[in-house]
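Q: I'm new to this structure and would like a close look at a single part of it. Could you pick out a place where two helices meet and walk me through it?

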Amino acid sequence: MIEAKQRSVLKDKSDVELAIRLIKHGARMNMLEQETSISYERMIKLYKEVAGKSPAKGQLPFSTEWFLVWQPQIHSSLFLNIYDGFVKSCDINEIDALIKAYEMYLEHTSRCNIKVVVLTITRAWLLIKFMENRMLERMKCNHCKGQFIADAYENKKGYVCCLCNPPARAGKTTQPEAHEC
Amino acid sequence: MTELFDIDAEIKDANLSYLMLTQHIIRKDKEKAMYRLGLSEDSVVLIDCLSSAQIRKIANIPTLLCQFRFNEDHIWKLLSNHSLASREINDEANCLHAAILLSGKIDQMIN
């Protein structure tokens, strides 16, 4: 009995630590609830303490379409490549890999002089779920040999990525869109 | 003769700095270090345990310990901002493109 109690205290501690890391990165409530076993009321309290504001309300954007739009597709593909690298090369659990890969993604974008965070951590998390459920696929570009996110029904033969063959208006927007999620 | 000697000394210097940087990166975050350095878990654990004396000894070899992560001129062109596509896209996109290609090579490097 005592052992069981001690273990639950430790689990609670690691849950709170994980939640704090996720909240700092701007994770939404739905993600926090699914990744930890902290109660809704406590999570709201924790969220307010860490973020200094109430969490955003509403449903998550449960759509794969967003990941196939030019700019989001590039950002999500970068994140996924980093995430895959972590999962394949080291002994790491999924949520740790997600957080570390997300931090590396942020580092890459800031080095590329990109001021707006296109991929939020909640979107990154959703992306992993979509990949696991094969609602999206990894596709290898025949030109650059890079791996990109593509529609599950995309023709693999002769696939060329959106950077080797950008759409006509790609990159011409003056202000990159901020994506709330 | 002096020119040869200089190169040798500079390589040793670079090796020493590289090993020290590597150790610093590993101690900050092991998993991120594997990604940043393209090193296997075993190598990361080993380098982490090296003493200063061992580092100095290893750095003393006349060949560079670090090596370029890629040979593809495609990636070089992206990083140096040569326009590749018939339709030009911006620097940020080229930079992200290079990052995608490099990230995709990590597991090949490590395993």
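A: Sure, let's start with how two helices cross: α4(A) and α6(B) make a left-handed crossing. Keep in mind that this is a predicted model. Helix α4 covers residues 70-89 of chain A, and helix α6 covers residues 91-110 of chain B. Their axes come within 9 Å and cross at roughly 20°. Because angles under 35 degrees count as roughly parallel, α4(A) is roughly parallel to α6(B).

Now for the residues that touch. On the α4(A) side, those in contact with α6(B) are A:W70, A:I74, A:H75, A:S77, A:L78, A:N81, A:I82, A:K88 and A:S89. Facing them from α6(B) are B:A93, B:L96, B:A99, B:I100, B:S103, B:G104, B:D107 and B:I110.

While you're in chain B, have a look at the loop between α1 (2-28) and α2 (30-37), where B:D29 sits. B:D29 has a relative accessible area of 17%, so this residue is buried, as that is under 20%. A polar atom of its side chain lies 3.1 Å from the backbone nitrogen of B:K32.

Back in chain A, there's a hairpin to find too. Strand β1 (residues 136-140) pairs with strand β2 (residues 147-151) in the antiparallel sense, over 5 bridges. A:M139 has A:F148 in β2(A) as its bridge partner. Between the two strands are 6 residues, and in this hairpin A:K145 takes a positive phi near 70°.

How values were computed
Residues numbered from 1 in each chain as written. Chains lettered and ligands numbered in written order. Predicted model: local features only at pLDDT ≥ 70, side-chain atom pairs only at ≥ 80, totals over all residues. Heavy atoms only, no water. Pairing = 2+ DSSP bridges. Helix = DSSP H or I, 4+ residues; strand = E, 2+ residues; numbered from the N terminus. Buried < 20%, exposed > 50% of the residue type's maximum accessible area, 1.4 Å probe, protein only. Polar contact = N/O pair within 3.5 Å; in protein donor to acceptor, adjacent residues only side chain to side chain. Axes fitted to C-alpha atoms, helices over the stretch in contact; angles between N-to-C directions. Parallel < 35°, antiparallel > 145°, perpendicular 65-115°, else oblique. Left-handed = near helix turned anticlockwise from the far one by under 90°. Contact = heavy atoms within 4.5 Å.
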